[in-house]
Amino acid sequence: MSSLLKLPNNDKFTIQKITPLDANWNYVGFEVYDLHEGQKLKDKSNQREFCIVLLSGTAYFSTSKNDFGIMKGRSNVFEKIPPIAMYVPKDEAWEILAKENCEIAVCTAPSVKGKYNSRVINHANMSQEVRGEGSNKRFICNILPENKDAESLLVVEVITPSGNWSSYPPHKHDKDNLPFESQLEETYYHRINPSQGYVMQRVYNESKTLDENISATDRSVVLVPEGYHPVGVPHGYESYYLNVMAGPCLLYTSPSPRDRTRSRMPSSA
């Protein structure tokens, strides 16, 4: 099995828990939890910022500085509405209390200044778009894009119809060479409808020192440390994935970190 594929844990609470050390890289952390009604999830870091995504369900959102109240999300990730998320800077504790069964993704990346305020991100703050045409059409929801307040994190979700390709034509972001390319690590959290299916994801570089063909099943994560990474969806199945990205170029203090990624985003996902 490819070292880039992280299968879901045999745990009813912690589905995925990937640290930079686990991934053998430096920036992106990613976790997924299933919360039952009444269960809590909480954390704090003085080194990392968070984007907590309510993938499905209803939960109470709060931080040590803000009480955001009850957020009612969608029933599942394939419902064609945006998710609800919460951005939390470093040095601020946060807590999620499930009001019904919830699927929660916790996305993290390094933070230097912690200069942005915690906030809820909902459909009014998320842009949606269609990319590609024909058999590479897919539907994008920009949860935390490059033009929104965050130091390191970029978060986006994508739904790809049956038989289509996504993250296509193949693209990469493993060199700090703006305006053409920026260096970013990336995770793909895959959901499949129906859940017994799979998607095919290639991860390869130009020299073919990295050349992986990965069959990713429901709730698995594919790590993309470098190279191209297209996703193909078999006939009869629908693909969802949540992307988390961060890299060294996002931590520069000048020019603006978000400006440094702006030229890359339209070709991704």
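Colleague: Happy to have this structure open with you! Let's start at P169: in which loop is P169 found?

Modeller: One thing to keep in mind as we go is that this is a predicted model. As for P169, two strands flank that residue, one of them being β15, residues 165-166. P169 therefore belongs to the loop between β15 and β16.

Colleague: What is the peptide bond from Y168 to P169, cis or trans?

Modeller: As background, most peptide bonds are trans. Here omega is near -5° for the bond from Y168 to P169. That bond is cis.

Colleague: And what is omega near for the peptide bond from N193 to P194?

Modeller: P194 is found in the loop between β16 and β17, the latter being residues 198-204. The bond that leads from N193 into P194 is cis. Its omega is near 0°.

Colleague: Let's look at S167. Is S167 buried or exposed?

Modeller: S167 has its place in the loop between β15 and β16, and has a positive phi of about 50° without being a glycine. Its relative accessibility is 0%. Buried means under 20% relative accessible area. So S167 counts as buried.

Colleague: N24 is a residue I'd like to check too. Is N24 buried or exposed?

Modeller: N24 sits in the loop between α1, residues 20-23, and β3. N24 is not a glycine, yet has a positive phi of about 60°. The relative accessibility of N24 is 73%, and the cut-off for exposed is over 50%. N24 therefore counts as exposed.

Colleague: Now to the inside. Which strand gives the most to the largest nonpolar core?

Modeller: As a general rule, in soluble globular proteins nonpolar side chains tend to be buried together. The largest nonpolar core here has 56 residues, and F30, C51, V53, C107, I143 and L242 touch the most other members. The strand that gives the most to this core supplies six residues and spans 238-246. That strand is β21.

Colleague: How many residues are in the other core that lies apart from this one?

Modeller: That other core includes A59, A98, C102 and I104. It lies apart from the largest one. Its number of residues is 19.

Colleague: You mentioned C102. How far apart in space are C102 and G57?

Modeller: C102 is in strand β10, residues 102-110, and counts as buried at 4% relative accessibility. Among the residues that C102 touches are Y33, L54, G57 and A59. C102 and G57 are 45 residues apart in sequence, but from C-alpha to C-alpha the separation is 4.3 Å.

Colleague: F30 belongs to the largest core. Which residue forms an aromatic pair with F30?

Modeller: There are seven aromatic pairs in the structure. In the one with F30, the rings are tilted, with 50° between the planes and 5.6 Å from centre to centre. F30 is in strand β3 and its partner in strand β16, so the pair ties together parts that are 159 residues apart in sequence. The partner of F30 is Y189.

Colleague: What is the relative accessible area of Y189?

Modeller: F30 is buried, with a relative accessible area of 1%. Y189 is buried as well. For Y189 the relative accessible area is 0%.

Colleague: Let's turn to the largest pocket. What is its volume?

Modeller: The residues closest to the centre of the largest pocket are Q128, F139, I140, C141 and I159, out of 15 that line it. Strands β12, β13 and β14 each supply at least two residues of that lining. The volume of the largest pocket is about 200 Å³.

Colleague: How many charged residues does the lining of the largest pocket have?

Modeller: Sorting the lining by class gives nine nonpolar residues and one polar residue. The remaining class is charged, and its number is five.

Colleague: One last stop, V231. Is V231 buried or exposed?

Modeller: V231 is found in strand β20, residues 231-232. V231 touches residues that include W165, S167, Y188, H190 and Y241. With a relative accessibility of 0%, V231 counts as buried.

Terms used. Residues are numbered from 1 along each chain as its sequence is written. This is a predicted model: local features need pLDDT of at least 70, side-chain atom pairs count only at pLDDT 80 or more; totals for chains, interfaces and linings use all residues. Side-chain values use heavy atoms; hydrogens and water are left out. A nonpolar core is a set of buried Ala, Val, Leu, Ile, Met, Phe, Trp, Tyr and Cys residues joined through side-chain atoms within 4.5 Å. Buried means under 20% relative accessible area, exposed over 50%, partly exposed in between (1.4 Å probe, protein chains only). Helices (H or I, at least four residues) and strands (E, at least two) are DSSP runs, numbered from the N terminus. On a 1 Å grid over the protein atoms alone, a cavity is a set of points where a 1.4 Å probe fits but cannot get out, and a pocket is an open set with protein on both sides within 12 Å along at least five of seven lines; lining residues have an atom within 4 Å of a point. Grid points are joined across faces, edges and corners, and a volume is the space filled by probe spheres set on the points. Ala, Val, Leu, Ile, Met, Phe, Trp, Tyr, Cys and Pro count as nonpolar, Asp, Glu, Lys and Arg as charged, and the others, Gly among them, as polar. Rings of Phe, Tyr and Trp (its six-membered ring) pair if their centres lie within 6.5 Å; planes under 30 degrees apart count as stacked, over 60 as edge-to-face and the rest as tilted. Contact means heavy atoms within 4.5 Å. Lists of a residue's contacts leave out its neighbours within four places in sequence.
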